Amino acid sequence: MKYIIITDLDGTLLDHTTYSFEKAKEALALVRERNIPVVICTSKTQAEIEVYREKLDNKDPFIPENGGAIIIPEGYFNSVMDKKNGNYSIVRLGTPYKEIVAALHKIRESCGIAITGFSDLTPEKISAITEIDISAAIRAKQRLYSEPIFIESGHENINKIKKMFNALGFNFMEGGRFHHIFSLNTDKGKAVKMLINMYCDHYHDQIRTVGIGDSHIDLPMLAAVDVPVIVRKKTGDYDKRIQLPNLVYADGIGPAGWNREILRIFKDL
């Protein structure tokens, strides 16, 4: 049996406020010792993920921008993927970023509602809004498949804007601080299923997957794995919008819950 862990970052493996994975170090050491892949699947950009892959000494494939692509280190599966880019093979699934931004401009002009995307903001403004440093804000702007937006004129306009994006072929995923716009035909779950098939083809063995997230944005990912796990949010509550028959509720907030549940699953294997 080959196990694979697929994990969200913000609020899950990373602390929601400090972006630290310190509280998950014991479990991370265990899965590294057992040679269990840890696949990062997040709304973050490739540039942002690469920083954490280096900190984590992670060599496994990853999925940026809510399923916009599957990025595979060169030679990982000993096969040629869709397109080479430096040291990676990339399977592109999402709509090009410029098309998403064009749709944002079109909708903003036609509806008269104040909608702001990352494409409208300087790194300095993103840093001020998100409380990340300027270098992190620069990496957050290096988008290829999705656009975080916020609607300045109130929650009552969300359904209207969502329908407008859907009509143009884009998914509107409600979030907390930001909403996310990406291709209607892609999400975390579709990318995860495709990557799992690659693992199956490579190992010619039975694959068992564990997925860990904290919010409803992770639902497609969690629905695609064998063991879906949800950690507590910073408030101590679980996101009630995640409803799956086999959902595991990790006892802990963010990386503390991640650590506890991974140790429980893998310590005695």
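Me: I keep seeing side-chain pairs flagged as polar contacts. What does a polar contact require?

Reply: A polar contact is a pair of N or O atoms within 3.5 Å, and within protein one must be able to donate a hydrogen while the other accepts it. This is a predicted model, and here the side chains of glutamate 147 and serine 119 are joined by a polar contact of 2.6 Å. Glutamate 147 also makes a side-chain polar contact with the side chain of tyrosine 97, again listed at 2.6 Å.

Me: Where does glutamate 147 sit, and is it buried or exposed?

Reply: Look in strand S8, residues 146-151. Glutamate 147 is buried and has no salt bridge. A salt bridge needs a side-chain nitrogen of Lys or Arg within 4 Å of a carboxyl oxygen of Asp or Glu, and the nearest side chain of opposite charge, arginine 143, is 4.6 Å away. Beyond its close sequence neighbours, glutamate 147 is in contact with residues including Ile100, Leu104, Phe118 and His179.

Me: How many salt bridges turn up in the whole structure?

Reply: A search finds 14. Take lysine 188 and aspartate 218, whose closest N and O atoms are 2.5 Å apart. Lysine 188 is in helix H7 and aspartate 218 in the loop between S11 and helix H8, so the pair ties together parts 30 residues apart in sequence. Both residues are buried, and they belong to a salt-bridge network with Asp8.

Me: Which strands does the bridge between arginine 232 and aspartate 251 tie together?

Reply: First the distance: the closest N and O atoms of that pair are 3.6 Å apart. Arginine 232 lies in strand S12 and aspartate 251 in strand S13, so the bridge links parts 19 residues apart in sequence. Arginine 232 is partly exposed at 25% relative accessibility, and aspartate 251 is partly exposed at 42%.

Me: What about a bridge inside one helix, such as arginine 264 with glutamate 261?

Reply: Their closest N and O atoms are 2.5 Å apart. The two residues are 3 apart in helix H9, so about one helical turn separates them. Arginine 264 is exposed, with a relative accessible area of 54%, whereas glutamate 261 is buried at 5%.

Me: And how do I read the overall fold?

Reply: Start with the inventory: 9 helices and 13 strands. For 269 residues, a compact globule would have a radius of gyration near 18 Å, and the protein's 18 Å agrees. Of those 269 residues, 55% count as buried. Among contacts with a separation of 6 or more, 57% come from residues 24 or more positions apart.

Definitions and conventions. Residues are numbered from 1 along each chain as its sequence is written. This is a predicted model: local features need pLDDT of at least 70, side-chain atom pairs count only at pLDDT 80 or more; totals for chains, interfaces and linings use all residues. Side-chain values use heavy atoms; hydrogens and water are left out. Helices (H or I, at least four residues) and strands (E, at least two) are DSSP runs, numbered from the N terminus. Buried means under 20% relative accessible area, exposed over 50%, partly exposed in between (1.4 Å probe, protein chains only). Lys and Arg count as positive and Asp and Glu as negative; His and the chain ends are not counted. Contact means heavy atoms within 4.5 Å. The radius of gyration is taken over C-alpha atoms; the globule rule is 2.2 Å times the number of residues to the power 0.38. Lists of a residue's contacts leave out its neighbours within four places in sequence.
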